[in-house]
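Please open the model in your viewer, colour it by secondary structure and keep the selection tool at hand. The tour below moves from one selection to the next and says what is to be found at each stop.

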Amino acid sequence: DIRCSVQSLPWTLLDEIVSASKVKSGSPQKVLVLIAMTKCDVVSAAAIGTQVALLDHALAGRYPDVAQSGVVFSACPVSIYFDNSIKHLLKMIRAYNNAVHAHVDKAASVMKTNLTGKAACFLIGLPGTGRHSLSKALATIGTDSAVIVSPLRAARVMASKEDENAVKFVLPNSRIITIVTVPEDEQLVKQSTNNVISGDIIFQSAAFLERMQEPENVAAVLLGGCTNRTLLAQAFCQPS
């Protein structure tokens with residue numbers, strides 16, 4: 001969510017991605033972390049620039065040695081109401097895929113899969129950040145770019161025809177750009193209704209707040225945010 005880009009990133013997951021991509025033996029695994037800054041239609045151009053700067057500062061401070069890994073961070077402001085922004089996001093994915101996987105040797109690939117040479121993108125994000133709307137927009141607008149949105153549950157592990165002792169990871173109907181959606185942890189979402197802290201409230205729907213056992217806590221958390229100058233500036237997408 002571009003209105004609070006730093007707070008709405010799944011930092012724990014990003015930590016794992018960066019850690020897993022570091023060099024262990026041989027070359028690092030190349031991974032593009034493309035941050036889609038959604039809902040850019042509701043903020044000003046100045047606010048977009050501010051949020052990009054805040055995001056860049058947060059990433060640089062948290063991952064100072066990211067150059068030693070194969071992770072590449074990039075960001076793209078998008079809106080489901082602006083088709084060109086969705087097309088630009090797809091263009092960035094396609095360009096990275098062509099640059100990294102254009103000369104992949106399928107026979108030498110460690111993992112046998114029908115995704116070799118294709119862009120397999122996992123679409124992740126916190127609730128309320130526009131993840132589902134973005135996946136629908138990508139599927140609708142990306143028809144000319146051979147794009148498909150597929151749930152992770154559709155993935156299959158099959159026996160390889162070439163090697164009886166090997167298995168093959170298959171995602172049915174995969175295309176040049178395959179967007180993989182990950183289901184939410186229902187148990188975690190259920191537990192979080194009783195443990196809403198800080199700015200998490202803005203990522204929840206009205207129905208979510210109605211299910212809270214102590215909805216008056218919302219007022220207390222919002223008051224705490226208003227008394228903090230930095231948080232208040234962030235809420236209005238302006239420099240503090």
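Begin by selecting Asp1, Arg3 and Lys39 with their side chains shown: these residues are linked in a network of salt bridges, a salt bridge being a side-chain nitrogen of Lys or Arg within 4 Å of a carboxyl oxygen of Asp or Glu. The structure is a predicted model, in which local features need pLDDT of at least 70 and side-chain atom pairs count only at pLDDT 80 or more, whereas totals for chains, interfaces and linings use all residues. Residues are numbered from 1 along each chain as its sequence is written, and side-chain values use heavy atoms, with hydrogens and water left out.

Within this network, Asp1 and Arg3 form a salt bridge whose closest N and O atoms are 2.6 Å apart, and Asp1 also meets the side chain of Lys39 at 3.6 Å, N to O. The pair of Asp1 and Lys39 links distant parts of the chain, 38 residues apart, with Asp1 in the segment before helix 1 (11–21) and Lys39 in the loop between strand 1 (31–37) and helix 2 (45–62); helices (H or I, at least four residues) and strands (E, at least two) are DSSP runs, numbered from the N terminus. Asp1 is buried, at 8% relative accessible area, while Arg3 is partly exposed at 33% and Lys39 is partly exposed at 24%. For these words, buried means under 20% relative accessible area, exposed over 50%, and partly exposed in between, with a 1.4 Å probe and protein chains only.

Stay on Lys39 and turn to its backbone, where phi is near 65°, a positive value in a residue other than glycine. Most residues other than glycine have a negative phi.

Next, select Arg62 and Asp15, which form another salt bridge, with the closest N and O atoms 2.8 Å apart. This pair also links distant parts of the chain, since Arg62 lies in helix 2 and Asp15 in helix 1, 47 residues apart. Arg62 is partly exposed at 40% relative accessible area, and Asp15 is partly exposed at 27%. By the rule given above, the count comes to 3 salt bridges.

With helix 1 already in view, select its buried residues, which are Trp11, Leu14, Val18 and Ser21. They cover an arc of only 95° around the axis, and therefore sit on the same side of helix 1, the arc being that of the directions from the helix axis to the C-beta atoms. On the other side of helix 1, Thr12, Glu16 and Ala20 are exposed.

Which residues of helix 4 (residues 131–141) are buried? They are Arg131, Leu134, Ser135, Ala137, Leu138 and Ile141, and because they fall within an arc of 165° when seen down the axis, they line one face of helix 4. The face turned away from that buried side carries the exposed residues His132, Lys136 and Thr140.

Now move to the open sheet of 3 strands, in the order 4-8-5 and with parallel pairing, where two strands pair if DSSP finds at least two bridges between them. Strand 4 (119–123) and strand 5 stand at the edges, each with a single partner strand, so one side of each is left without a neighbour in the sheet. Neighbouring strands of this sheet are turned by 25° against each other on average, direction ignored, with axes taken as lines fitted to C-alpha atoms.

Select strand 4 together with strand 8 (residues 177–181): they run parallel and are joined by 5 bridges. Among the facing residues, Ala119 stands opposite Ile177, and the bridge partner of Phe122 is Val180. Side chains alternate along strand 4, with Ala119, Cys121 and Leu123 pointing to one face and buried, while Ala120 and Phe122 point to the other and are not.

For the last stop, keep Phe122 selected and add Leu13, Ile124, Leu152 and Val182, which together with Phe122 make a nonpolar surface patch of about 390 Å². Patches are made of residues with over 30% relative accessible area and no salt bridge, like charges being joined within 9 Å and nonpolar side chains (Val, Leu, Ile, Met, Phe, Trp, Tyr) within 5 Å; accessible areas come from the Shrake-Rupley method with a 1.4 Å probe, and for residues only the protein chains shown count as cover. Leu152 lies in the loop between strand 5 (147–151) and strand 6 (156–159), and Leu152 is partly exposed at 33% relative accessible area.

Notes: Axes are lines fitted to C-alpha atoms, for helices over the stretch in contact, and angles run from 0 to 180 degrees between N-to-C directions.
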